[in-house]
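Trainee: Could you take one part of this model and walk me through it slowly? I'd like to see what it sits against, and then how the rest of the fold hangs together from there.

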Amino acid sequence: HVQELADYLKQQVAAELPDAVINGEGDIPHVVNLSMPGCKSEVMLHVLEGDEVYVSSGSACSKGKQSPVLEAMQLPKERIQSALRVSFSRFNTLEDVDALIEGVREGMASLAVKK
């Protein structure tokens with residue numbers, strides 16, 4: 001189930017969020033990491049919270065720090081600073097993914113206006 005959700009998220013990102021980038025193609029089906037260059041993750045987290053969509057900017061063990069995994073991948077600083085970590089469980093649905101995509105799309109549009 002979580003693999004289906006992760007695959008659907010990746011498809012929707014490619015189709016609906018042309019500026020977003022998937023970070024890595026890991027073997028962990030319940031986690032997808034993506035970046036929206038030009039939009040800091042902390043700001044996007046607050047935008048998504050307003051729509052009751054909850055993701056994180058990193059793992060619990062790296063709270064407040066840049067992701068050591070993304071740094072080890074030698075990603076540009078802008079991608080690391082705009083990264084969102086999306087975790088899935090058996091309780092998530094395709095509608096949850098749609099809400100995430102819509103929230104990110106709206107967030108990117110409103111934040112682009114404020115640049």
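**Starting from Ser41**

Mentor: Sure, let's begin with the company Ser41 keeps. Leaving out anything up to four places away in sequence, Ser41 touches Ser57, Gln81, Ser82, Ala83 and Leu84. Keep in mind that we're looking at a predicted model. Ser41 belongs to helix H2, which covers residues 41-50. Is Ser41 buried or exposed? Its relative accessible area is 7%, and the cut-off for buried is under 20%, so Ser41 counts as buried.

Two of those contacts, Ala83 and Leu84, lead us over to strand E3, residues 83-87. That strand belongs to an open sheet of three strands, ordered E1-E2-E3 with antiparallel pairing. The edges are E1 (21-22) and E3, each of which pairs on one side only. Helix H1 packs on this sheet and touches E1, E2 and E3, with its direction making about 15° with that of E2. As for the join between E1 and E2, two bridges link them, and the two strands run antiparallel. In one pairing to look up on your screen, Ile22 has Leu34 in E2 as its bridge partner.

Stay in E2 for a moment, since Asn33 sits there too. What does the Asn33 side chain do? It makes a polar contact with the side chain of Asn23, at 2.7 Å. Asn33 has a relative accessibility of 16%, again under the 20% cut-off, so this residue is buried as well. Beyond its neighbours within four places in sequence, Asn33 contacts Val21, Ile22, Asn23, Leu70, Ala83, Leu84 and Arg85. Notice Ala83 and Leu84 in that list: Ser41 touches that pair too.

Now for the greasy side of things. The largest nonpolar core holds 25 residues, and the ones with the most contacts inside it are Leu9, Leu34, Met36, Met44, Phe88 and Val104. Two or more core residues come from each of H1 (2-16), E2 (31-35), H2, E3 (83-87) and H5 (94-113). Take Leu9 as an example: past four places in sequence, its contacts are Val32, Leu34, Val86, Phe88, Val97, Leu100 and Ile101. Our old friend Leu34, the partner of Ile22, turns up there as well.

One last stop is the charged residues. Side chains of opposite charge can pair when their charged atoms come close. How many salt bridges does the model have? The count is two. One joins the side chains of Glu16 and Arg105, at 2.8 Å from N to O. That pair connects distant parts of the chain, with Glu16 in helix H1, Arg105 in helix H5, and their positions 89 residues apart. Neither end is buried: Glu16 is partly exposed at 35% relative accessibility, and Arg105 is partly exposed at 29%.

The other salt bridge runs from Glu102 to Arg105, with the closest N and O atoms 2.2 Å apart. These two are three residues apart in helix H5, so about one helical turn separates them. Glu102, at 32% relative accessibility, is partly exposed too. Through shared partners, the salt bridges tie Glu16, Glu102 and Arg105 into one network.

Technical notes:
Residues are numbered from 1 along each chain as its sequence is written. This is a predicted model: local features need pLDDT of at least 70, side-chain atom pairs count only at pLDDT 80 or more; totals for chains, interfaces and linings use all residues. Side-chain values use heavy atoms; hydrogens and water are left out. Helices (H or I, at least four residues) and strands (E, at least two) are DSSP runs, numbered from the N terminus. Buried means under 20% relative accessible area, exposed over 50%, partly exposed in between (1.4 Å probe, protein chains only). Contact means heavy atoms within 4.5 Å. A nonpolar core is a set of buried Ala, Val, Leu, Ile, Met, Phe, Trp, Tyr and Cys residues joined through side-chain atoms within 4.5 Å. A polar contact is a pair of N or O atoms within 3.5 Å; within protein, one must be able to donate a hydrogen and the other to accept it, and residues adjacent in sequence count only if both atoms are side-chain atoms. Two strands pair if DSSP finds at least two bridges between them. Axes are lines fitted to C-alpha atoms, for helices over the stretch in contact, and angles run from 0 to 180 degrees between N-to-C directions. A salt bridge is a side-chain nitrogen of Lys or Arg within 4 Å of a carboxyl oxygen of Asp or Glu.
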